[in-house]
Structure formats: C-alpha cells, structure tokens
Amino acid sequence: MHDLVLTGGSVLTDKGIRDVDVAIVDGRIEAIGSDLGDATQTIDCDGAWVGPGFVDMHTHLREPGHEWKEDIASGTAAGAAGGYTAVVAMPNTDPPIDAGHLARFVADQARRSAKTEVVSAGCLTLGRAGERMAHLDELWDAGVRIFTDDGDAVRNASVLRTAMEYVAQLGGIVAQHAVDPDLSAAGFMHEGAVSSRLGMYGIPREADNVLIARDIVLAKMTGARYHVQHLSTAEGVALVAAAKGDGIDITAEVTPHHLMFDHEDVRSTDSNFKMMPPLRDPRDTAALIEGLRSGVIDVVATDHAPQAATEKDVPFEHALNGVTGLEWAGSVTNGEVALDQSLFFDRMSVAPARIAGFPDHGRPLAAGIAANIVVFDPEVVWVPANTVSKSVNAPYLGRELKGKAKTTIFNGAITYVE
Amino acid sequence: MNHLLSTEHLDRTEIEDLLDESDGFAEVLTRPIPKVPALRGKTVATMFFEPSTRTRMSFEKAAKALSADTVSFSPGTSALSKGESLKDTALTVRAMGVDLMVVRHKATGAAWRLAEWLDIPIVNGGDGAHQHPTQALLDCLTIRQRFGSLDDLRIAIVGDIKHSRVARSNIFAMTTLGAEVVLVGPPTLLPIDPEAWPVTVAYGIDDILDDIDVVYLLRVQTERGGGSVFPSLSEYTSRFGMTSARFARLKPEGIVMHPGPMNRGVEIDYDVADDDRALILEQVSNGVATRMAVLFRLLGGEHDA
C-alpha cells in the first residue's frame, strides 16, 4: 500500500518526460510506472506537469530580526504554495548571518516550522560591512554553500578578491548583489525616459554593468565560482554570456518581476514596483527572457522580499525596496517565457538545486529518491487575490497569470494543495 | 477635474478655461474689497511637508479671497516629528473636516498618494522634481496677459531643468498652449532624454537669444555650485546668466521671468531683475489669482448647487 500516488500527469523522470504514475512511500519515490496499485491517497494530475519541486536560490525569510515582515514558517508556507520544496535564505537579517551559530539557528528554526528545506546563505563580510571576512569556515561547517552580502554589493575590490580566494578554496559560491553602490546611490528607479518624466533620480544600467564586469575579472583571477544575483540589464546578460564563453565558472539568476514588468509600470509611482535592481527598459526585459530561454541565465530566483504595509504604503521614494514572489514565480516564468516542460523544470528546479547544492532536490523523478515534487498546471489562467506571506507587497495580486502549482510535496508530505 | 496634480494631461481647453477664470479673479483682487464669498464655509488645508513660504502664503491668500477658511500644517512642529506616517497625517487632517488639500512634498507622487487615500480634491503644490502645476498656470497667465496668446512664442527655459518641477510643469502647459520651448543649460542639468520631450535643446544661451520672446530663468541651487554638476557659479553665470549685456540683446518686446526665489548676480543680474520687462512680481500677483481659479474650480461647483 502506497502513501500517495500521483496519476495521469506528464512526469519529468530520469528517463525523460513520460505519462506515468508516481508512487510515494515513507517520504521517498517508491515506483514510477502504470498500475502501481493501491494508495492511501491518490491525486489526479491529468493535464499537469509533474516534476521536482522548485528551488529558490534567493529568498528573504526575514528571520531573525524582521519577523513583522515574514518568518521562516510564513515564508516557507508561501514557498510551498508556489511549488517550492527548498529555498536559500538570504543572510541580511538582524543580526546578519556572518557566523556559524547564526546559520545553525536558521536551520534549527526551519526544522521546527518550515514547509520547505531551508539552508541559509552566509555573509561574505562581517556584519555585511564590506570590510573584513565573515566567519567563512564556521559558516561552511554549518552547511552554508552560498556566500553573499545581498542587499549590498561588496564595494571594495580588494576585499572581494580576498573573500573570493577563500570561498573558492572551500568550494562555495560567491553571489553578488551586482549593483554599484556609488552609481546607484541617489536613485530610486531605472534611469530612463520614465525617471526623467517623473523627475526622480535614476539608477543607470551601468550601475549593474560595471560591477558585473569588475567581478568577472576577479572571478577569473581567483578561480572562484561566481553567481550574479537578480540580473536586470541586457548588457549584464551579454557580459555573463561572454564570461561563460571564456570558461569562467559563472552562473546567473533573473527574478520573476524583471521578466514581467518594466519601468513603464513605475509611472503609477506604486511602491510595489520599487526594488533593487530596478525594473528596467522593455529591451532589457526582452534580453532577460531570451537569456533565460537560451540558458545564459541559469535560474529563476525570486528575490522574495517581504516588506510590511507601513514600509510600502508611503510615497515611492520613501518605500523600502522589494516585492514578494515565491507564490507566483512559476506562473510568471511559465506565462512570460513559455518554456517547454523540461526547460521549465531546469530553470526552476534542476539548475538552482545543482548550483546551491541541494542533493535531495531538483532531481528528475526516479524510484528511490526523496519525494520533493510539484504538480504544476501550465495552462490554467488565474488571478491571485491574496497571499500566505505576512506581507502584501506583491505586484502580481489582481493580475492575470498563466500556470499554477496545484500540489507541493516535501519529503513525501503534502505541503500545499489547491 | 477632481484634482490638480499635473499639467501633463491637461488639454488646451482646460488650461484656457482656468486662465480665463484667473483673469476674472485678477480683476477681483484690484477691487477696494478684494474678496468674494464663493467658498464661504469651505476649509482649505495647506500641507507643506517641505519648507515653503511664498507658495503657501499664495494659496492661503487665494483661499481667503474666496472666503474659505484655511488650516495649515508644518512638518517641524507636527506629529511627523513623532514618527507619524504621511497617510495617518493626511487622514487625521481630513477627519478635522477639511474640503481640499494643497500638498507639497519632496517625494515624487506624494500628491497622487493623497488623492488615493482621501475623498477630497488634492492640489499638487509641488512633488519632488516632478510637477508644480499652479506655477505653470500662473506663468502662462502672465505670458498671455503680455502677448495675448502663447501661440508661436519662443520660450527659453534656462538652468537646472533636470531637477525642476517648475520646468516639467511649464514644458507641458506652454507647449499645449502653442508655444515653442527651448531648454538651455549644461548637459548635467538637462533631462537625459531631451528627444522624448516636446522641446529643442541648446547648450548656450547666446546661440538662441536673438530669437526668443520669453526667457524663463530657473533658480540655481547654489548648493550645487561646488563642482558636482557644473564647475562654479561664476562659470554658470558667464554661460547661462541673464547679464545686462545679454538683456540688451533681447528683442524689444522680449520679457524675463523667474519663479523665485532668485539669486541676483547668479542667474540674473541685479539691474535686470528690476527692469520693467522682468515680470517677476507680476508672476507673484498672478499666483494668487490663478490659485483662486483652481480652488474655485475644484470646490465651487458644489457650492453653487
């Protein structure tokens, strides 16, 4: 008797995409095939894609220190509702995750309350101050594989070089919030026709581009694995493509909001379109979509960044940066980029799990592996009306989206069902 | 018209109706008793989150000339300094029973937020470097009184256009009324995308001066004089200032305008500012009449009913 059988879906398996059933027992996939026998529970997946649960390399769970925005329980519940089974928690909490005991705190809290697997990223520098190395060895021993001062770039090239050399020897990844702090300092939105019309200080594309270019040079020098967070410009995509061609160990992510929106949406001065890097020009959006399709951009990462109403229901310039995204990233990627099933799961699950180092996630389904699975209907059109996050700073609410996570299974347990 | 937030989407008829109304109120202001009972019983709140004396006084004078009551808000002495949000401040003042708010705020879009949060007309008294629509209306009124019409006039707006809500408001109002606008300034103070605006651009005032009807000087923010966006104030004056020598080259009917407060000796020579063809004080007087027209338009219909 199986615990659960998924029937009738189009399943991404280790032998390709097949119309088969999937049986789950004790948290693992027991069998894949047809006529698998009786189960305590059966879920009809007719018309849906079945594949490895989504993996987010870039989530702000806000715990510890900012629990009024989100916590590990609410953030991972939002993840489960969006089809995620694993997330990397960004370390710009209070205190920032710059030492081993802090990363272990996140892991302990997650064991108690999370609906997905959670691994914390660690800071590159102490206190995210950009000056001295964080406790990189301690963090590594606590399970950290991604090191970043996300929320800020490491401004000092010499500090970054040293940190890259150290992380390279550990085998980790240096992930950069690739926005130059000086070129972006005064700005609130993309520098272009809309900022000019609104009289608002802009952030030029070059703020991203100069930092990515510098970091690529340093990655080549140090041999570090380098990951560009939330790519936003056409030139950034070209820089990553050229670096890959040059044999540099580089990966890149794009957020769902940069796939769906552009600076025209900021004309409303609605603060739910304020984030860093900013929404750019439609030509950048087109380049990001093409980059994700071609694989120059490896993954979709949400940059899920909950902010409370008191931090968003204010004039645009006063609002904090960030939008939530875990619940809608799969839908937006499906609707905006229209990938086939295998590429879709590659960008949403397989590649992020491989880069972030989640051995039990992002694997095409096969007998014997952990049952971390999403059932995703790529055709359904729906309009999200609410959120399970603690925060409502979501530009997707009230908009038509295409595709939806129907059921999410984490280690064999159903964490979300529509 | 439910609010006055921007000149960008006003059409020619809407602007001309407001200017006609302003001319009428300008006449009221010349009477022995410069006051009409049009808005008796109404309350206008001036919510200036950014320091301003002249614009606030102008709105309050306009409201009083229409017999409205005024209440005012100043950030320095308010609950804002105790951490109250803009939204709560606005809701609180509304709950006192005000009928219209004039808002000035350093953030772009602040007036739009108030229009969303509240159920009364909002007048944008200046939001960041974005819009300041009553300034543009009073400027157009001043030009129209002098020339009869803005059609085919050539107007040069000179100075820090990039950071100017006065320029952004005037560009739309003036061109909608048929004028041709030339932006003049150093590249660091011009919009980054001049081709997207209904204007032409010149980098020196001497190239275009002979052919200009109105020279509209913007205030140089002297705190920008330290080499951040132009080399020095004296170099600014030598390239863009309305010096006596340049003023002498202006056509005989040409005029000079300035939204104030002006820096004599920087963007405008001491003597030029006092010349009969510098209409700076007419602009100020017209400001009251224009704001009467705006308040009357937004509150008056209901009163007459």
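The pLDDT is the predictor's confidence in each residue, on a scale from 0 to 100. In this predicted model, chain B averages a pLDDT of 93, and 95% of its residues score at least 70. For the complex, the predictor gives a pTM of 0.92 and an ipTM of 0.88.

A good place to begin a tour is the interior. The largest nonpolar core comprises 228 residues, and those with the most contacts inside it are Val22(A), together with Cys140(B), Ile157(B) and Leu295(B). Helix α10 of chain B, spanning residues 280–304, supplies the largest share of this core, with nine residues. The surroundings of Ile157(B) can be spelled out: leaving aside residues up to four places away in sequence, Ile157(B) touches Ala167(B), Asn170(B), Val181(B), Leu183(B) and Val184(B), as well as Tyr216(B) and Leu218(B).

Chain A offers a helix that also deserves a look. Helix α12 of chain A covers residues 341–356, 16 residues in total. From its first C-alpha to its last, α12(A) reaches 22 Å, close to the 22 Å expected at 1.5 Å a residue. Even so, α12(A) carries a kink of about 45°, centred on Arg347(A). The helix is mostly covered, with 12 of its 16 residues buried. Arg347(A) itself is among the buried residues, as are its sequence neighbours Asp346(A) and Met348(A); the buried set also includes Phe344(A), Phe345(A), Pro352(A) and Ile355(A). Ala356(A), with which the helix ends, is buried too. Next comes Gly357(A), which follows α12(A) and has a positive phi, near 75°.

Note on methods: Residues are numbered from 1 along each chain as its sequence is written. Chains are lettered from A and ligands numbered from 1 in the order in which they are written. This is a predicted model: local features need pLDDT of at least 70, side-chain atom pairs count only at pLDDT 80 or more; totals for chains, interfaces and linings use all residues. A nonpolar core is a set of buried Ala, Val, Leu, Ile, Met, Phe, Trp, Tyr and Cys residues joined through C-beta atoms within 7 Å. A residue is buried if 20 or more other C-beta atoms lie within 10 Å of its own, exposed if 12 or fewer, and partly exposed in between; C-beta atoms are placed from the backbone. Helices (H or I, at least four residues) and strands (E, at least two) are DSSP runs, numbered from the N terminus. Two residues are in contact if their C-beta atoms, placed from the backbone, lie within 7 Å. The expected span of a helix is 1.5 Å times one less than its number of residues. The bend at a residue is the angle between axes fitted to the seven residues ending there and the seven starting there.
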